[in-house]
Amino acid sequence: MKTKALRRPATPIALAATLLAAFLVLLSPLSASAHDALVSSSPAADESVETVPSALTLTFSAKLIDGDGATEVVVTGPDGSSITDGAATVDGAIVTQPLQGWGPAGEYHVIWKVVSSDGHPTSGEYSFTVTVGDDAAPTEEPTAAPTSAAPTSEQTAAPEATTTPAADSGDAEGGSPWIWVLVIVAVLVVAGVVTWIVVSRRRGGSATGSDAPVER
């Protein structure tokens with residue numbers, strides 16, 4: 001008696017393999033796009049501000065990895081020159097880049113590069129506009145401050161004319177007679193003590209001599 005083997009249709013198996021392949025294909029872009037993204041910035045992209053701010057901030061979706069060369073921010077003005085003032089600092093998911101705080105009106109370009117929490121570097125760029133601007137560097141007012149410090153030479157000369165040394169010398173001269181008085185008193189006391197000792201010894205010697213027995 002012959003038995004017939006049941007053959008399962010290959011259509012469900014092929015459909016499952018196709019779905020698995022499609023899932024893997026869709027999963028790979030999602031994992032690649034899982035890097036930390038820029039959530040907000042100040043100034044923001046395409047924002048218009050009156051003057052150049054003293055600092056630029058970038059806020060990301062997660063805490064960044066900080067280290068030497070991990071974070072870089074470059075901000076250039078309309079003429080292409082950099083307006084950054086020092087290195088950028090990272091505080092969790094916030095990057096702060098100090099700026100010089102002045103510059104002409106026009107479009108400013110920001111280029112940033114950070115290291116995401118997954119260890120992969122990510123970068124981007126955007127622009128903002130300064131409407132009023134300030135062409136002069138705010139260094140003229142501080143330079144006038146040292147010139148007003150010229151009277152300090154007169155102030156330094158004033159302590160030289162003080163009479164405090166004269167008062168000290170007067171105290172020293174007033175104290176010297178008392179020192180001599182104390183020395184004289186001490187000498188007199190010592191001399192009196194020595195005289196008393198000598199006299200007492202002589203009296204003691206004469207008394208012992210008068211009590212000597214007379215031989216018969």
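The paragraphs below lead through the fold, its strand pairing, its core and its one salt bridge, beginning with how far the model can be trusted.

This is a predicted model, in which local features need pLDDT of at least 70 and side-chain atom pairs count only at pLDDT 80 or more, while totals for chains, interfaces and linings use all residues. Residues are numbered from 1 along each chain as its sequence is written, and side-chain values use heavy atoms, with hydrogens and water left out. The mean pLDDT (the predictor's confidence in each residue, from 0 to 100) is 75 for the protein, and 59% of the residues reach 70 or more. Over residues 21–33 the pLDDT is below 50, and this stretch has zero contacts (heavy atoms within 4.5 Å) beyond near neighbours in sequence. Residues 161–175 also stay under 50, and for them the model has zero contacts beyond four places in sequence. Where pLDDT is low, the predicted coordinates should not be read in detail.

The protein has four helices and eight strands, taken as DSSP runs numbered from the N terminus, with helices being H or I of at least four residues and strands E of at least two. Along the sequence these elements follow the pattern α-β-β-β-β-β-β-β-β-α-α-α. Among contacts with a separation of 6 or more, 63% join residues 24 or more positions apart.

Two strands are said to pair if DSSP finds at least two bridges between them. An open sheet of four strands has the order β2-β8-β7-β4, with mixed pairing, and its edge strands are β2 (48–49) and β4, each of which pairs on one side only. Within this sheet, β7 and strand β8 (residues 121–134) pair in the antiparallel sense over twelve bridges, and Glu107 stands opposite Thr129 in β8.

Strand β6 (residues 94–98) can be followed through its partners. Strand β3 (residues 55–60) pairs with β6 in the antiparallel sense over five bridges, whereas strand β5 (residues 89–91) is joined to β6 by three bridges, also antiparallel. Thr96 in β6 stands opposite Thr57 and also opposite Thr89. β5 and β6 form a hairpin with two residues between them, and Gly92 in the turn has a positive phi of about 70°. The side chains of β6 alternate, so that Val95 and Gln97 point to one face and are buried (under 20% relative accessible area, with exposed over 50% and partly exposed in between, for a 1.4 Å probe and protein chains only), while Ile94, Thr96 and Pro98 point to the other and are not.

Buried residues make up 16% of the 216 residues in the protein. The largest nonpolar core (a set of buried Ala, Val, Leu, Ile, Met, Phe, Trp, Tyr and Cys residues joined through side-chain atoms within 4.5 Å) has 18 residues, and those with the most contacts inside it are Leu56, Leu58, Val73, Val75 and Phe128. β3, β4, β7 and β8 each supply at least two residues of this core, the largest share, four residues, coming from β7. Leu56 touches, among others, Val73, Val75, Val95, Val110 and Phe128.

One salt bridge is counted, by the rule that a side-chain nitrogen of Lys or Arg lies within 4 Å of a carboxyl oxygen of Asp or Glu. The side chains of Glu72 and Lys113 form this salt bridge at 3.9 Å, N to O. Glu72 lies in strand β4 (residues 72–76) and Lys113 in strand β7 (residues 103–115), so the pair ties together parts that are 41 residues apart in sequence. Both partners are partly exposed, with a relative accessible area of 42% for Glu72 and 31% for Lys113.
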